[in-house]
Amino acid sequence: MSYKYYPITGIKDGWGADGRVPIRRDFDEWTESSDPKDKIQQRLYEIMVNEIIPEHPKYKNEYLEAARTWRLPFWDWAKHSKVPKMVRWRRVEITIGGNPPVIIDNPLHQFKMPNDKRMGIYGVGILKYPDGDEFLDYGACYATTRCPDENERKPDNKAWIEGVNHDDKVDEFLTNYSSITGFPYGTASELVYRLLTYPMDYIHFATVARDEDASSATASTSKITNDVNLEFIHNNVHYWIGGDGGHMSQIPVATFDPTFWLHHCNIDRLFALWQALNPEKWFEVDIQRWFDQKIIGGGDIVTNKTPLRPFHRDEKGTPWTADDARDWFKLGYTYPELKTGKETSAQLFEMINTTYGIARQEGLKMTDVPPGMEIIDKESGEDAGKGGVKMNDYALSIRYSKYVDSLSFKSLFLVFAPINSTRFALGGHPFNIQVFLRPEGETKNTFRTEDFVTNVFNFSQPAEQDGNEVCSNCKEGEEGDTQAIAYVPVTSYLIKMIQQQELSDLQPPTVEKVLARMYWRITDLGGKTIPEEQWKDSMRLGITVSKMEMTYSKDPQVKPEVPDPEVIPSLGTGPSKPVAPAGVVANNISVAKISKLEAEVSTGGSIVFKSPTMALEVPNRETGTGIALLYWDPSSTANSRDVENYDILLGMVIKNKRRVVQCNSKPVGGGYGVTEELQPSPWFGNSPQLRVDVEANKFVVYVDGIRVKDVDRSIKKNVTHVRYYTSPTNAQPVMARDIIATTYKDKSAVL
Ligand SMILES: [Cu+2]
């Protein structure tokens, strides 16, 4: 078989007219447009260019122009929470060239095998339910399915074989079958809103994976607002479209459903929006992810430069890296909200507040607010006309062991389990966690549709198939300390209960009483409840309820105020959210930056720097890698980007050639003190640790756990910031470009 690489820029001549980057359009808006140009664009590029255009020489230029500026449209399922019309229609009428219109099977409705053969002929196979006899036979299908019912999932059912699409059921998942029935917005709206408005780092934004190690950058002990992430929202939408057994709910076959591409285009759009709001944020080093690393053939550490095999950017096979994919303009497209890439945060928040802020809109609309909500009106003074609403906000954080990461590209590698597979552990199979609320006065859990609150879909794939490991390392990943997290706000649900007079207010005692009636179950890929004893130990399911007071401004250009949430200890289940030892906080530190520490370090405390890598070879030319502990005066109005405006409490410069660490200090406006040289022995190891204890009159420096030397603490201020730098500034640091600084209020907590 010969391979052909399609660059994901797709269209070689793909820059639009006037040299502007063409826009990826909202799918509904595009398909319903009556602009003849859009109608023409609604054909796929290759068919246009290679088959159709040559047949219609008269229309050649017009068609080529349309094809060249065509971009994959997105389906914003949070805003348009119904399956788009152009996907629903089973048959469509098309006109090409001067020919009379013809009616064809709509290729956007479902994928059909072009040659009337079953998909099994091409290696598509069977997925077993974790508990035994039943299975889903995707090999038997001629076409794709969305939301099949119980009978339609059976392998010999005609609907299953020919493909059946219950788009009304998808609509229900995306709207009605959700926490907030009765309102014309999507289940995903509030999830998207929180994702785009909470302050968080790239790693939390991007992935469900949370490390159990409290000093890790992805520690599950980090702030609760870090629990929301793009991946779980993406996973849930897969399930809402595919349902129990539909193609979209299974990694190996999801891409067959045409909605996959519209869905993923929207995921890319959300990523672009987040980047536009957080231009500084990115990653340089990630934690270890066994499964993905093995698949992409990477080393132990994933960085922003790790080749993302098998995705190639050219015909020579040069793999893409995360850095290459960062700027979507360079990929040859953009989105309606990001036409120039220079939009202000105010402009973007206006779109986000008015499109996705459901709790905000409900809160601002209420004239008579219950206790737990407060209207803020500023009728006079400077802020006249401003104001908004303040309300108690409640959310669930749902944690579970997922065993295997869930990136959809794995489908390219996985060969399905033959039917005689006898692995029934839940390990790695997709499953669904469903949360319900018992009506008041009832004691039995009946799992009625009306009582459904939310679900979290684990979109994953077993590490073992038919007793063979898909990769040698993912078993380790399964047993490792990584958990997955999802975050679901329930405030809109509670507001709805208030409006239906089932709840009096949003005060903690009232809400706690209601949320105490929460219960849950786990269902398998056929929608059947999995008995608790099968998952109890391995799943490590934990549900945490948190509370905070959100403030929404009437001004749509203002983002909401999001304070740190608190856990409600009486609610939830399972291992509670692991609590970091009090006073231990991990901070991400990047080179060439001054970073503010989340917590200051004072006398009795300690700060530990960890890097996943260390350049150990002795260089020809000496360079310096500096880590400086700084103090910033909060009353200062000076430029905070200039290190001259900080007290340097302890500057440490690692000299890799001479194998010394030079230490110094300097007050604001003053000169440097005497340089002291430390000679760590042994020298730093390949995942080095540099620890500094802050004592009353001295700093105690440790390298890889070994005490090296005490250095005079001449300026007795707290450490508020850290500067990580190199000299010369263009040199590579000897540690990784991103390192972690963990601060300890009490040095005795350092392990
Ligand atoms: Cu996906």
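Donors are taken here as N, O and S atoms within 2.8 Å of the metal, and because water is not among the atoms, sites may look incomplete. In this predicted model, the copper ion is coordinated through the NE2 atoms of H234, H238 and H264, at 1.9 to 2.0 Å, and along the sequence these donor residues follow the spacing H-x3-H-x25-H. Distant parts of the chain are linked by the pair H238 and H264, which lie 26 residues apart, H238 in helix α10 (residues 230-242) and H264 in helix α11 (residues 259-277). Of these two residues, H238 is buried, since its relative accessibility is 0%, whereas H264, with a relative accessible area of 22%, is partly exposed.

Elsewhere in the chain, the loop that runs between β2 (102-105) and β3 (126-128) contains M113, a residue that counts as buried because its relative accessible area is 11%, under the 20% cut-off. Leaving aside residues up to four places away in sequence, M113 is in contact with R118, M119, Y122 and Y142. The C-alpha atoms of M113 and T144 are separated by 9.2 Å in space, while the two residues stand 31 residues apart in sequence.

A further contact is formed by helix α13 (residues 345-356) and helix α14 (residues 358-365), whose axes are 6 Å apart and which pack at an angle of about 75 degrees; the two helices are therefore roughly perpendicular to each other. On the α13 side, N353, T354, T355 and Y356 take part, and these meet I358, R360 and Q361 of α14. The residues of this contact comprise two nonpolar, four polar and one charged.

Methods: Residues numbered from 1 in each chain as written. Predicted model: local features only at pLDDT ≥ 70, side-chain atom pairs only at ≥ 80, totals over all residues. Heavy atoms only, no water. Helix = DSSP H or I, 4+ residues; strand = E, 2+ residues; numbered from the N terminus. Buried < 20%, exposed > 50% of the residue type's maximum accessible area, 1.4 Å probe, protein only. Contact = heavy atoms within 4.5 Å. Axes fitted to C-alpha atoms, helices over the stretch in contact; angles between N-to-C directions. Parallel < 35°, antiparallel > 145°, perpendicular 65-115°, else oblique. Nonpolar A, V, L, I, M, F, W, Y, C, P; charged D, E, K, R; others polar. Donors = N, O, S within 2.8 Å, 3.2 Å for Na, K, Ca; no water.
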